[in-house]
Each structure stands twice: as structure tokens, then as C-alpha cells.
Amino acid sequence: MTTWCVDANVVIAILLNEPASDAARRFWAGLTQADEVVGPYVLLPECTSALRRKVLDGSVSEAEGLELIDELLALPIRIETSAEQFRRSLDWAIRTRRRRMNDLQYVVVAQISGAEIVTLDGGVRQAALEQGVAVRFLR
Amino acid sequence: MIDAGGLITAAEAAKRLRLSTGQVRRRLRQGKLKGRRIGNQWFVEERDLSALKSGAHLVPPQLLRRIDETRERIFRRTGSVFDAVAIIREVREKDFGEQEDGD
């Protein structure tokens, strides 16, 4: 069994047409019941905000936005709710004097879950590799 | 380790699925594996284990088709090609107040 920690951009890439949509779709379609997908607590608020922004800028209609949120919520993602993800992310951010903590939460949840991180973002990829977390980079 | 009811222990299921027993128990608690708790021990339905090992899709094909249809419909209507990384970066900076390191 493999556990995958998905970055929000991999979720958005299957919902909205973007250059990596085919790669994102292949990832989601290739998962079997022997796989598990996890995400940090911040995943759903990030994806929801992304859809809200696209509805507000007019590139997605209100009805489509609501369809997309239903599809997002139907994806089999286990949201990690343990307090440990916040403690470890904060500790890491303080030690390395980083201003961005959301990225770190993905890496920390991957560590907690023994997961490989799946992302389209080179910054998240780099942060994961620094921590010895395996990465599937879909770009 | 199979009982008359077609149940196997969580430890045996973990061995067959190459998981830890903790991962099997978590899946049972989440309802992702069918089984039951007898006393203080979890048991897994062997039939469900076979489905897992058969490589059944995690994301139901009908859900993928629905997502494809919505994505394609939006693309046909708007012609928009999005940038998922930029969208999420914008959310992190503007909605979560995160700043680029080094700013």
C-alpha cells in the first residue's frame, strides 16, 4: 500500500483545465483501493478559497463553482486532524525562520502519515526533499 | 487465521496488504475496510480484502467522468487555461497572509 499526501494544486489541477490536468488525472485515476490519499487540515480551505476566487473573477460560474466543490468533497482524501501537524509545522517554521507555513503542513503530514507527497509546486517539492520526504512531481 | 464467519484478524489483513496493523485498524474505523470489533480485537471481512487486492479503483470512475465533464464544459465555455500552482500561491498569500520568504 502507498499513502499519498496531495498538495492543493493537484486537486485544483483535476478540477480546472491547466497544463498539468492530464498528469493530475492520471494520478487520480491510477489509484487503487490499496492506496490512501491524505491531506493537511488546510487542504480543503485552500481549495475552497481557490474556487471562490475563480467564481469571483468570473472564470467559473456560480453553478460550476458549486459543482466543483461537490466534486472536490467527493474525492477520497483523508484529512489529517491531529494537532501534531501544527506543532511540527510551527516548530519547523520558527527554526528555519520561514514566513510561509502552509507548504510545511503538507510536508509534515506526509511525514506523519508515511506518505509520498504529490505536488506541482517546485517550492513544496524542494521543502519535501529537504526533509527526506519522497516526492511525485507532476510537472 | 480465518474464522467460520469469513473474518481474519487485523494483523493477518495487514500482512496480506503489506500495511501496518495500525493502518488496517484506521481503515476499519473509517469504514474503508469492512470488518467488526469483537472484544478488543478488530477483524476484517476476507471478501473485502480480496476486493482491495484486486486493484479496484480508489476514485470511482463515475466521479472521474463527472469531474472531466465539468472541467471540459468550463474550458469550452471560457477557453481558460488555469495555473493551479499560481492559484494556490495566490490563496496562500492573500487569504492566509503568507509572504514569500525573503520579502
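**Exercise 1. Contacts along chain A**

Among contacts in chain A between residues at least 6 apart in sequence, what percentage join residues at least 24 apart?

*Solution.* Keep in mind that we are working with a predicted model. Start with the contacts in chain A whose partners are at least 6 apart in sequence. From these, pick the ones that join residues at least 24 apart, and you arrive at 61%.

**Exercise 2. The build of chain A**

Work out the order of helices and strands in chain A, then judge its overall dimensions.

*Solution.* Begin with the inventory: chain A contains 7 helices and 5 strands. Next, walk along the sequence, and the order reads β-α-α-β-α-α-β-α-α-β-α-β. Now turn to dimensions. The C-alpha trace of chain A extends over about 45 × 35 × 25 Å along its principal axes. For 139 residues, a compact globule would have a radius of gyration near 14 Å; the 15 Å of chain A agrees with this. Finally, ask how much of the chain is buried: 45% of the 139 residues of chain A count as such.

**Exercise 3. Two domains in chain B**

Find the domains assigned to chain B and the separation of their centres.

*Solution.* The domain assignment places residues 7-53 of chain B in domain 1 and residues 61-102 in domain 2. Taken over C-alpha atoms, the centres of these two domains of chain B are 36 Å apart.

**Exercise 4. Where the chains meet**

Describe the contact between chain B and chain A, looking at the side that chain B contributes.

*Solution.* First count both sides: chain A gives 41 residues to the contact and chain B gives 38. Then look for elements of chain B with two or more residues there, and you find α3 (46-53), α4 (61-78) and α5 (84-95). Of the side of chain B that touches chain A, α4(B) supplies the largest share, 9 residues. Sorting the residues of that side by type gives 20 nonpolar, 10 charged and 8 polar.

**Exercise 5. Nonpolar cores**

Locate the largest nonpolar core, and follow one of its best-connected residues.

*Solution.* Recall the general background: nonpolar side chains tend to be buried together in soluble globular proteins. Here the largest nonpolar core has 49 residues, and A:C5, A:I12, A:I117 and B:A84 have the most contacts inside it. The greatest contribution to this core, 7 residues, is from helix α1 (residues 8-15) of chain A. Now follow A:C5: leaving aside residues up to four places away in sequence, its contacts include A:V38, A:Y106, A:V109, A:A110, A:I117 and A:V118. Apart from the largest core lies another, of 13 residues, including B:A13, B:A14, B:L33 and B:W42.

Technical notes:
Residues numbered from 1 in each chain as written. Chains lettered and ligands numbered in written order. Predicted model: local features only at pLDDT ≥ 70, side-chain atom pairs only at ≥ 80, totals over all residues. Helix = DSSP H or I, 4+ residues; strand = E, 2+ residues; numbered from the N terminus. Rg over C-alpha atoms; globule rule 2.2 N^0.38 Å. Buried ≥ 20, exposed ≤ 12 C-beta atoms within 10 Å, placed from the backbone. Contact = placed C-beta atoms within 7 Å. Domains from an automatic or database assignment. Nonpolar A, V, L, I, M, F, W, Y, C, P; charged D, E, K, R; others polar. Core = buried A, V, L, I, M, F, W, Y, C linked by C-beta atoms within 7 Å.
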